[in-house]
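Here is a short report on a two-chain model. It moves from the overall fold to the interface, the core and a few backbone details.

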Amino acid sequence: MPDSHAVDQPHPVEHPHPTAGTYIRVAIILTVLTVLEVGVFYVPAFHPVLVPVLLTLSAIKFAIVVMFYMHLKMDNKFFTLLFGGPLLLAGAVMLGLMFLFGVLTLGR
Amino acid sequence: MSHAAPPAHYTSMGLDSRKMGFWAFIGSECLLFGSLISTYLVYQGRSVAGPTPSQILNIPVTSISTFDLLMSSLWMVLALAAVQRGDMKWAKIWLLGVAIGGTIFLGFQFYEFSSFVREGLTMQANLFGCTFFILTGTHGAHVTVGVLWMLTLWVRALQGKLGPQHAMTVEIAGLYWHFVDVVWIVIFTLVYLLHK
């Protein structure tokens, strides 16, 4: 009788990771973005647009670490789903609570 | 001599079951930190007594600790790359570097917390103190776990019990470390740079 388990055994799916050079370039970009964040915080001219600028820089840093250091850019998309689903849910809960408590408002 | 790696179990999609389980865990951690950050933001600016964030937060010092944590993430991926190519000498160096980087971050946090307490900010002082210490303290607890994890891997590498066949073990530890880093990226912006 054939071993059905051996036939059904899935093949491992491995994706190549970035090189050390890519990791170092990513670190340089992250450092520049962090310096920009702190710089923007101290420059009064940026204060009217401080919130969108800082949120954008933070989101870019977040995405870069997740894509390159956590390998989501190269890995199976199911991992992105496992991470992105709860992340979106957490963001929705955060926005919901902020509207509920009046931190954010629509219109007046 | 390196010990044999535990047999890998793959899901029907061909994915390593340990890695998939760990990504699910990280997803649950998103919800934990999402709730803590939400609580901080909801109560931001509603303290009826001081000290307030603008009076007490030390941006230059926290910027240095943020940079330290970012660099430890670089050392973590370099440790993983070294393990994957079997260069255990550099793997040990980078793993120890990550643990030291995490310990330096915790040192900055201890300095920050103790100086805040001296200036009158405790968990009971006001809403800011309560939500701030819970959020950053929970993150600090995660960093502590990460440091202990890295030291464990480092000791295993010193004992010759960590080799290229354990690359997935190091990769999963790295996922945890990088998650702790991205949480700090969010906290640094929302709590420190966008304070009211």
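Helices here are DSSP runs of H or I with at least four residues, numbered from the N terminus. On that count, B:Pro51 is found in the loop between helix 1 and helix 2 (53–56) of chain B. A cis peptide bond joins B:Gly50 to B:Pro51, with omega at about 0°.

The model is predicted. It scores ipTM 0.92 and pTM 0.92. The mean pLDDT of chain B is 94. In chain B, 96% of residues reach a pLDDT of 70 or more.

**The two chains**

Neither strands nor sheets need discussion in what follows: chain A has four helices and zero strands, and chain B has six helices and zero strands. Read from the N terminus, the elements of chain A run α-α-α-α. Those of chain B run α-α-α-α-α-α. The C-alpha trace of chain B spans about 60 × 35 × 20 Å along its principal axes.

The table sets out burial and contact range by chain.

| Chain | Buried residues | Contacts joining residues at least 24 apart, among those at least 6 apart in sequence |
|---|---|---|
| Chain A | 21% of 108 residues | 55% |
| Chain B | 41% of 196 residues | 83% |

Chain A is divided into domain 1 (17–75) and domain 2 (76–108). The C-alpha centres of these two domains of chain A lie 20 Å apart.

**The interface**

How many residues of chain A are in contact with chain B? The count is 40 residues of chain A, against 42 residues of chain B. On the chain A side, helix 2 (20–42), helix 3 (50–69) and helix 4 (77–100) each supply at least two residues. Helix 4 of chain A gives the most, with 13 residues. By class, the side of chain A that touches chain B holds 32 nonpolar, six polar and two charged residues.

**The core**

The largest nonpolar core has 68 residues. Those with the most contacts inside it are B:Leu78, B:Ala79, B:Leu95 and B:Val98. Both chains take part. From chain A, helix 2, helix 3 and helix 4 each supply at least two residues of this core. From chain B, helix 1 (17–43), helix 3, helix 4 (88–118), helix 5 (127–158) and helix 6 (167–193) each do so too. Helix 6 of chain B gives the most to the core, with 16 residues. Domain 1 and domain 2 of chain A both give residues to this core, so the core lies between them.

Take B:Val98 as one centre of contacts within the core. Leaving aside neighbours within four places in sequence, B:Val98 is in contact with B:Ser72, B:Trp75, B:Met76, B:Ala79, B:Met150 and B:Trp177.

**Helix 1 and helix 3 of chain B**

Which residues of helix 1 of chain B are buried? They are B:Lys19, B:Phe22, B:Trp23, B:Ile26, B:Cys30, B:Phe33, B:Gly34, B:Ile37, B:Ser38, B:Tyr40 and B:Leu41. An α-helix has 3.6 residues a turn, so residues three or four places apart point the same way. What covers the buried residues of helix 1 of chain B includes helix 4 of chain A, together with helix 5 and helix 6 of chain B.

Now check the lengths. At 1.5 Å a residue, the 27 residues of helix 1 of chain B should span 39 Å; the end C-alpha atoms are 40 Å apart, which agrees. The 26 residues of helix 3 (residues 59–84) of chain B should span 38 Å on the same rise of 1.5 Å a residue, and the end C-alpha atoms are 38 Å apart, in agreement.

Each of these helices is followed by a glycine with positive phi. After helix 1 of chain B comes B:Gly45, with phi near 75°. Just after helix 3 of chain B, B:Gly86 takes a positive phi of about 80°.

**A backbone detail in chain A**

A:His71 also has a positive phi, near 65°, and this residue is not a glycine. A:His71 lies in the loop between helix 3 and helix 4 of chain A. Is A:His71 buried or exposed? The cut-off for burial is 20 or more other C-beta atoms within 10 Å. A:His71 has 22 C-beta neighbours inside 10 Å, so A:His71 counts as buried.

Terms used
Residues numbered from 1 in each chain as written. Chains lettered and ligands numbered in written order. Predicted model: local features only at pLDDT ≥ 70, side-chain atom pairs only at ≥ 80, totals over all residues. Domains from an automatic or database assignment. Expected span 1.5 Å × (residues − 1). Contact = placed C-beta atoms within 7 Å. Nonpolar A, V, L, I, M, F, W, Y, C, P; charged D, E, K, R; others polar. Core = buried A, V, L, I, M, F, W, Y, C linked by C-beta atoms within 7 Å. Buried ≥ 20, exposed ≤ 12 C-beta atoms within 10 Å, placed from the backbone. pLDDT = per-residue confidence, 0-100.
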